[in-house]
Amino acid sequence: MKTISRRATIGLAAAMLMIGSVDATRAASIVQVSLWDKGASVEMPMGLAYATPGIDLSKATMGIKASPGAAKAGEVTFSVKNDSKDTVHEMIVMYLADPSKPLPYLDAENRVDEDRAGDKGEVSELDPGKSGTLTVELKAGKYLLICNVPGHYGAGMWAEFTVEP
């Protein structure tokens with residue numbers, strides 16, 4: 001009787017480990033995101049939007065750094081920190097249906113048209129030094145992480161992000 005009980009216990013423990021490992025594979029990928037700039041007193045260059053021909057991002061005075069720059073399809077959690085000392089930033093996840101084309105832009109508002117661009121979620125306006133998180137279900141493809149505070153996207157505040165199958 002003790003042998004059966006012991007085998008049942010071992011079998012139950014093995015089953016629990018298997019269930020635990022299945023859950024672990026479904027766990028969200030975690031991406032650390034830094035929203036940075038060189039300070040409010042530094043003039044923002046324009047013309048640095050994604051897919052701009054001849055773009056030179058070395059001139060950017062603000063940007064987004066995502067680490068890692070890719071994740072597996074499924075649940076992805078973005079842990080976002082505004083590393084600026086004096087400027088509000090945000091992070092929006094945009095799906096790129098055609099990575100060779102620029103996002104739709106509202107020139108009069110100096111920002112991306114979020115409704116037409118494919119907004120998948122965001123961490124809204126973070127004060128300097130503040131953090132936020134966003135968890136979204138993403139399918140395989142190319143994405144763009146952007147700050148859509150007026151002028152920031154055009155000043156180079158975006159990062160490409162890949163979701164792998």
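## A tour from salt bridges to core

Welcome: there are five salt bridges to find here, a salt bridge being a side-chain nitrogen of Lys or Arg within 4 Å of a carboxyl oxygen of Asp or Glu. You are looking at a predicted model, in which local features need pLDDT of at least 70 and side-chain atom pairs count only at pLDDT 80 or more, while totals for chains, interfaces and linings use all residues. Residues are numbered from 1 along each chain as its sequence is written, and side-chain values use heavy atoms, with hydrogens and water left out.

**Stop 1: the charged side chains.** Select Arg-111 and show its side chain. Glu-109 meets Arg-111 in a salt bridge at 2.8 Å, N to O, and Glu-114 meets Arg-111 in another at 3.9 Å. Through shared partners, Glu-109, Arg-111 and Glu-114 join into one network. Are its members buried or exposed? By relative accessible area, buried means under 20%, exposed over 50%, and partly exposed in between (1.4 Å probe, protein chains only). Arg-111 is partly exposed at 22%, Glu-109 is partly exposed at 41%, and Glu-114 is buried at 17%. Now add Asp-113 and Arg-116, whose closest N and O atoms are 3.7 Å apart in a salt bridge. Asp-113 is buried at 12%, whereas Arg-116 is exposed at 60%.

**Stop 2: the whole chain.** Switch to a cartoon view. The protein has two helices and eleven strands; these are DSSP runs numbered from the N terminus, helices being H or I of at least four residues and strands E of at least two. From the N terminus, the order is α-β-β-β-β-β-β-β-α-β-β-β-β. Of the 165 residues, 38% are buried.

**Stop 3: a four-stranded sheet.** Select strands 2, 1, 4 and 9, which form an open sheet in that order with mixed pairing. Two strands pair if DSSP finds at least two bridges between them. Strand 2 and strand 9 are the edges, each pairing on one side only. Strand 1 and strand 4 run parallel over seven bridges, and Val-33 stands opposite Val-80 in strand 4. Strand 4 (residues 74–82) pairs with strand 9 in the antiparallel sense over eight bridges; to see one, pick Gly-74 and its bridge partner Leu-138 in strand 9.

**Stop 4: the two faces of strand 9.** Show the side chains of residues 131–138. In a regular strand the side chains alternate between the two faces of the sheet. Here Gly-132, Leu-134, Val-136 and Leu-138 point to one face and are buried, while Ser-131, Thr-133, Thr-135 and Glu-137 point to the other and are not buried.

**Stop 5: the cores.** A nonpolar core is a set of buried Ala, Val, Leu, Ile, Met, Phe, Trp, Tyr and Cys residues joined through side-chain atoms within 4.5 Å. Which residues have the most contacts inside the largest one? Select Val-33, Phe-78, Met-91, Leu-145 and Phe-161, which hold that place in a core of 26 residues. Strands supplying at least two residues each to this core include strand 1 (29–37), strand 5 (89–95) and strand 11 (158–164). A second, separate core has twelve residues, including Leu-103, Val-112, Ala-117 and Trp-158.

Finish by centring on Leu-145. Leaving aside residues up to four places away in sequence, Leu-145 touches residues including Val-33, Ile-64, Phe-78, Met-91 and Phe-161, with contact meaning heavy atoms within 4.5 Å.
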